[in-house]
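Student: I should like a close look at one part of this protein, set in the context of the whole chain. Please take the packing of one pair of helices as the centre of the account, and treat individual strand residues alongside it.

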Amino acid sequence: MSALGGAALAVGGLLLLAVGAAAGFLLARRRRPEDGGDVGTPVERATFHTLHTASFAAPPLRAGLTPDTARKAVRRLRPLLGTQTLALTDRESVLAWDGAGGHHRDAAMEQVAEVLRTGRSQAFPVSCDDGKCPVRWGVVAPLTVDDGVLGTLAAFGERESAVLVRATNEVARWVSVQLELVELDRARTRLIEAEIRALRAQISPHFIYNSLAAIASFVRTDPERARELLLEFADFTRYSFRRHGDFTTLAEELRSIEQYLELVRARFGRRLEVTLQVAPEVLPVALPFLCLQPLVENAVKHGLEDSVERSRVTITADDVGAEARVSIEDNGVGMDPDRLRKILRGEGGPSTGIGLRNVDERLRQVYGDGHGLVIETAVGAGMKITVRIPKYRARVHSAPPSAPPAPGA
């Protein structure tokens with residue numbers, strides 16, 4: 001089952017739990033005139049209380065299952081279940097125990113062992129020599145992620161209760177969804193890192209060799225120019241191979257692009273003509289790291305490919321309300337639209353259009369399908385690629401720029 005499907009089921013379970021709580025609330029208390037104002041029906045109030053409580057328990061769990069996150073979560077979830085004691089375990093130990101009967105904690109792992117092994121919930125009586133201890137009956141439900149049992153949720157009360165069995169299973173399902181979302185976040189991070197490694201691998205050895213050869217050609221004739229190009233090359237490679245941050249700013253990305261273009265111009269001279277038109281107000285906008293650079297490299301390649309005439313590349317960045325719009329246009333050989341569609345679907349071969357497809361997929365992943373690449377092209381008509389970047393998006397923040405190493409470091 002997908003995480004989103006599991007989330008829907010878990011929310012449905014919590015709503016059923018809320019309706020059950022409302023029924024109990026309605027039996028226990030009639031609405032009194034002194035309450036004042038219309039605060040909703042018992043069902044509405046119980047539903048709000050259930051979802052509100054769950055919303056507070058979710059953030060700790062989204063950091064993974066640890067003693068600290070488990071402790072914070074059970075404090076929120078125990079009032080939701082209305083039980084004397086609630087515990088969270090992983091496969092090795094009790095991570096958190098909230099409520100009465102703390103002397104049962106050491107024996108809890110023996111009671112949950114069968115649930116960890118089978119992945120099936122269990123209910124059982126609890127024996128205790130302490131006549132004042134309210135822990136007399138327990139329910140244990142598995143916490144599952146990717147069809148594996150990661151831990152358990154254990155609720156303990158004074159007496160056998162079918163309602164508690166149902167509620168414990170529903171809450172365990174909801175907790176499982178939160179933990180599965182953690183795994184999805186980690187998988188997303190690993191995917192982004194793999195995609196960036198793929199982009200870095202695209203920095204052609206030929207480009208590096210040709211850049212160094214161009215720099216070497218200026219060593220005798222123009223030493224100052226050679227020194228400037230060598231510094232540009234060092235900054236460009238440092239940026240491209242940096243190890244921190246999924247996101248950067250438009251200003252940093254454009255600076256790296258300028259360094260790349262400077263190295264290309266050192267080799268091709270007047271054959272390459274570049275125009276940049278950038279609105280200053282969009283420079284701080286955050287965007288995925290190495291998002292525009294591959295598009296510019298693609299434009300330069302297509303502009304200079306099979307052409308002895310001057311290649312023109314135009315880069316514009318405009319402020320369009322809630323978004324920054326970046327366009328990269330070249331007058332190169334262009335591409336057949338059907339072939340382009342195949343490349344973006346990953347059908348262009350193992351080494352074809354990696355940069356375009358990679359950037360398109362990352363933009364859709366971060367901002368949604370409505371923010372993929374918009375590409376206008378035809379054979380012999382050049383290519384124009386447009387990127388729309390929301391100025392503000394949750395969890396999209398640029399990392400601070402890395403400082404250059406100290407001299408002699």
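Tutor: A residue counts as buried when its relative accessible area is under 20%, computed with a 1.4 Å probe on protein chains only. By that criterion, 44% of the 409 residues of the protein are buried. The model is a predicted one, and its secondary structure comprises 11 helices and 12 strands. Among contacts between residues at least 6 apart in sequence, 65% join residues at least 24 apart.

The helix pair is formed by H7, residues 223-240, and H8, residues 250-268. Their axes come within 9 Å and cross at roughly 135°. Angles over 145 degrees count as roughly antiparallel and those from 65 to 115 as roughly perpendicular, with the rest above 35 degrees being oblique; H7 and H8 are therefore oblique to each other. The crossing of H7 and H8 is left-handed.

On the H7 side, the contact is made by Arg225, Leu229, Glu232, Phe233, Asp235, Phe236, Tyr239 and Ser240. These residues meet a set in H8 consisting of Glu252, Glu253, Arg255, Ser256, Gln259, Tyr260, Glu262, Leu263 and Ala266. By class, the residues of the contact of H7 with H8 comprise seven nonpolar, three polar and seven charged.

Strand E7 covers residues 272-278, and Leu272 belongs to it. Leu272 has a relative accessibility of 5%, and because the threshold for burial is 20%, Leu272 counts as buried. When neighbours within four places in sequence are set aside, Leu272 is in contact with Leu261, Val264, Arg265, Ser311 and Val313. The C-alpha atom of Leu272 is also separated by 6.1 Å from that of Arg312, although their positions lie 40 residues apart along the chain as a sequence separation.

A second strand residue, Thr89, lies in E1, which spans residues 85-90. Thr89 has a relative accessible area of 1% and is therefore buried, given the 20% limit. Not counting residues up to four places away in sequence, Thr89 touches Leu65, Val94, Leu95, Met109, Val112, Leu143, Gly151 and Thr152. With Thr152, one of these residues, the side chain of Thr89 also forms a side-chain to side-chain polar contact of 2.7 Å.

Note on methods: Residues are numbered from 1 along each chain as its sequence is written. This is a predicted model: local features need pLDDT of at least 70, side-chain atom pairs count only at pLDDT 80 or more; totals for chains, interfaces and linings use all residues. Side-chain values use heavy atoms; hydrogens and water are left out. Helices (H or I, at least four residues) and strands (E, at least two) are DSSP runs, numbered from the N terminus. Buried means under 20% relative accessible area, exposed over 50%, partly exposed in between (1.4 Å probe, protein chains only). A polar contact is a pair of N or O atoms within 3.5 Å; within protein, one must be able to donate a hydrogen and the other to accept it, and residues adjacent in sequence count only if both atoms are side-chain atoms. Contact means heavy atoms within 4.5 Å. Axes are lines fitted to C-alpha atoms, for helices over the stretch in contact, and angles run from 0 to 180 degrees between N-to-C directions. A crossing is left-handed if the near helix is turned anticlockwise from the far one by less than a right angle, and right-handed if clockwise. Ala, Val, Leu, Ile, Met, Phe, Trp, Tyr, Cys and Pro count as nonpolar, Asp, Glu, Lys and Arg as charged, and the others, Gly among them, as polar.
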